[in-house]
Every structure is written in C-alpha cells, then in structure tokens.
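Let's take a walk through a protein together. Keep the picture open and look for each spot as we get to it.

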Amino acid sequence: MNEADQHTTETLDERPTRGNRLYPRVTSFRSRRGSLTEPQQQSWDRRWAELGKEVGDDLLDVEAWFGRSAPLVLEIGSGTGTAAVAMAQAEPHVNLIAVEVYKPGIAQTLQRIERTYDTDAPVHNLRILRGDAVEVLEKMLTPASLTGVRVFFPDPWPKARHHKRRLLQAPTFALIADRLKTGGVLHVATDHAEYAEAIAETGDAEPRLARLTGPAPISLERPVTKFEDKAHKVGSAINEFVWGKIGA
C-alpha cells in the first residue's frame, strides 16, 4: 500500500521492459529516486540481504527463502509496508512477499519489521522483492503457486491517455488468475471511482475469477494507512473487490 508516496507502483517510463513478456506492456510503476536516511540505511544494511531480493529472471525458490512451506501471498505495491507488516504479523502461518520499487519505502518496511522483533509477535514471514510485479508473476512464480494476491491503491493514472499504464488490465488479471491456486483470492482496493469501475468490469470478465461470496483462505482485514485516511477525509469512497479462483 503506497501511503507514503501516493502510488509508487506505477511508472513514467514507456520503454518496453527487459525479457520476453507474455504480452506487450509498458512498465506500470512510477520510477522515483530517493535517498535513505541514516537509520533507514542502517536497517537496509542489516536486513536487505536476508529479507530482500531484486526482481530477476530466475524462478524463485520460495521454500528455501522462507525456510518452510506455507500458503504464499503476494502484495503488489507495498509502499512503506504498513499493510504488509501488519498483515504478516496477524497471519504468522502465511508466507508474504511484498513487491515495491521505491527504495526508501522498502527501507521503511525493513524498519517496521525490525520493530516487531521486540514485540510478542515478531514478523519472520515477510520477504521483499524490488522491481516490477508483472515480471515477478511472469518469471519468478509458477502457475497455481499463490494463495492470495493483494493490490491496494494502485496508481489510477487518471488521464485517459495514460490509462494504458494502469496495472490492473485484462492481461494482468489473466496472469494473476494463472498464478493463483484454485480457491485462491485476489483482493483489490482503490479510492479512485473511475478506476474502480474499470477494475470491476475487467476483473469480472476474467473467466477464471468470480466474486468471492464465502470464506477466504487468507485474511481480508487490512489496516487503514495514512494515505487511505487522507482519502476518507476528502470524501473519497474506498472500493474493495475480492475475487476467488474458480476450479477447472
């Protein structure tokens, strides 16, 4: 969830991304530069090698990285980690991978993780990938490997000429559906009304997804972040969607 920088998961770079994509697409995260504070750099130096990886072309050995087999959840665009850390803390039986591109946001996530170590619920089940989430889905995860995917407040790219940059389009829904296990869930939240309509229409059109009406295999409870709180204060409605993967 990108409460610190108001949607850091989208890009202004229209050059094609590297490698062979399953479909033509411009990258969807906003490329931002940002230096780390000294405490952030210290946390990065202590934890990144253990908890983080750069997005790449190699298949991810999830069990080796976490040191266990457990239901796997992917959060796309984790921002400063408010939701990721809180939800990982609430579900210690789940392995959670957060994907983000903004280094200061990742550093703040590492700081949040470290702060849990002095609590009764230390977070040991959260890992971070830095880079393009679509590349993660395409290259680093296998079909039917995910129990859940979370996309909280993706950049709406409100201008019509920029809609092609939006993350949640038909090919991405199809890719997420492919990577979800049968019964797995896609949980989306947005504060942008027009994008919400487009998300609902496109998600409902994906034949392997259906609106969830029963219990979910993972928690759907998420914390309210500073960004979401600002949306509430200006009267923006929060639209939330949950789809389940339909069996063959």
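Before we set off, one idea is needed: a residue counts as buried when its relative accessible area is under 20%, as exposed when that area is over 50%, and as partly exposed in between. Take Phe173: its relative accessibility is 0%, so Phe173 counts as buried. Also keep in mind that what you're looking at is a predicted model.

How far does the predictor trust its own work? The mean pLDDT of the protein is 88, and 86% of the residues reach 70 or more. Residues 3-20 are another matter, because pLDDT, the predictor's confidence in each residue on a scale from 0 to 100, stays under 50 there. The model still has 77 contacts beyond four places in sequence for that stretch.

Now for the overall picture. The protein has eight helices and eight strands. Of its 248 residues, 54% count as buried. The accessible surface comes to about 11,200 Å², and carbon and sulfur atoms account for 50% of it. If you take the contacts between residues at least 6 apart in sequence, 80% of them join residues at least 24 apart.

Let's go back to Phe173 and look at its partner. Phe173 sits in helix H6 (residues 170-179), while Trp243 belongs to strand S8 (residues 239-245), so this is a pair whose members are 70 residues apart. Are their rings stacked or edge-to-face? The ring centres are 5.5 Å apart and the planes meet at 80°; since planes over 60 degrees apart count as edge-to-face, the pair is edge-to-face. Trp243 is buried too, because its relative accessibility is 0%. Add Phe241 to Phe173 and Trp243, and you have one aromatic cluster.

A search of the whole structure turns up four aromatic pairs. Another one is Trp44 with Trp48, where the ring centres are 4.5 Å apart and the planes are at 15°, so this pair is stacked. Both residues lie in helix H1 (residues 38-51), four residues apart, which is about one turn of the helix. Both Trp44 and Trp48 are buried. Trp44 has a further neighbour to look for: Lys103 lies over the face of its ring, at 4.6 Å from the ring centre.

Helix H1 is also a good place to meet charged side chains. Side chains of opposite charge can pair when their charged atoms come close. How many salt bridges does the structure have? The count comes to 13. One of them joins Glu114 to Arg46, with N and O 2.8 Å apart. Glu114 lies in helix H4 (residues 103-116) and Arg46 in helix H1, so the bridge ties together parts that are 68 residues apart in sequence. Glu114 also forms a salt bridge with Arg47, again at 2.8 Å from N to O. That pair links helix H4 with helix H1 as well, with Glu114 and Arg47 67 residues apart. Step back a little and you can see a network of salt bridges that links Arg46, Arg47, Glu50 and Glu114.

Are the two partners in the Glu114 and Arg46 bridge buried or partly exposed? Glu114 has a relative accessible area of 13%, so it is buried. Arg46 comes to 47%, so it is partly exposed. You can find a similar story elsewhere: Arg208 forms a salt bridge with Glu206, and their closest N and O atoms are 3.0 Å apart. Here Arg208 counts as partly exposed because its relative accessibility is 30%, while Glu206, at 8%, is buried.

Our last stop is Ala189, in strand S6 (residues 180-190). With 0% relative accessibility, Ala189 counts as buried. What does Ala189 touch, leaving aside residues up to four places away in sequence? Its contacts are Val151, Phe152, Phe153, Pro154, Arg222, Asn239 and Glu240. Two of these also meet each other, as the charged end of Arg222 sits over the ring of Phe152, 5.4 Å from its centre. Finally, look for Ile238: along the chain it is 49 residues from Ala189, yet the C-alpha atoms of the two are separated by 6.8 Å.

Technical notes
Residues are numbered from 1 along each chain as its sequence is written. Side-chain values use heavy atoms; hydrogens and water are left out. Rings of Phe, Tyr and Trp (its six-membered ring) pair if their centres lie within 6.5 Å; planes under 30 degrees apart count as stacked, over 60 as edge-to-face and the rest as tilted. Helices (H or I, at least four residues) and strands (E, at least two) are DSSP runs, numbered from the N terminus. Buried means under 20% relative accessible area, exposed over 50%, partly exposed in between (1.4 Å probe, protein chains only). A charge sits over a ring if NZ of Lys or CZ of Arg is within 6 Å of the ring centre and within 35 degrees of the ring normal. A salt bridge is a side-chain nitrogen of Lys or Arg within 4 Å of a carboxyl oxygen of Asp or Glu. Contact means heavy atoms within 4.5 Å. Accessible areas come from the Shrake-Rupley method with a 1.4 Å probe; for residues, only the protein chains shown count as cover.
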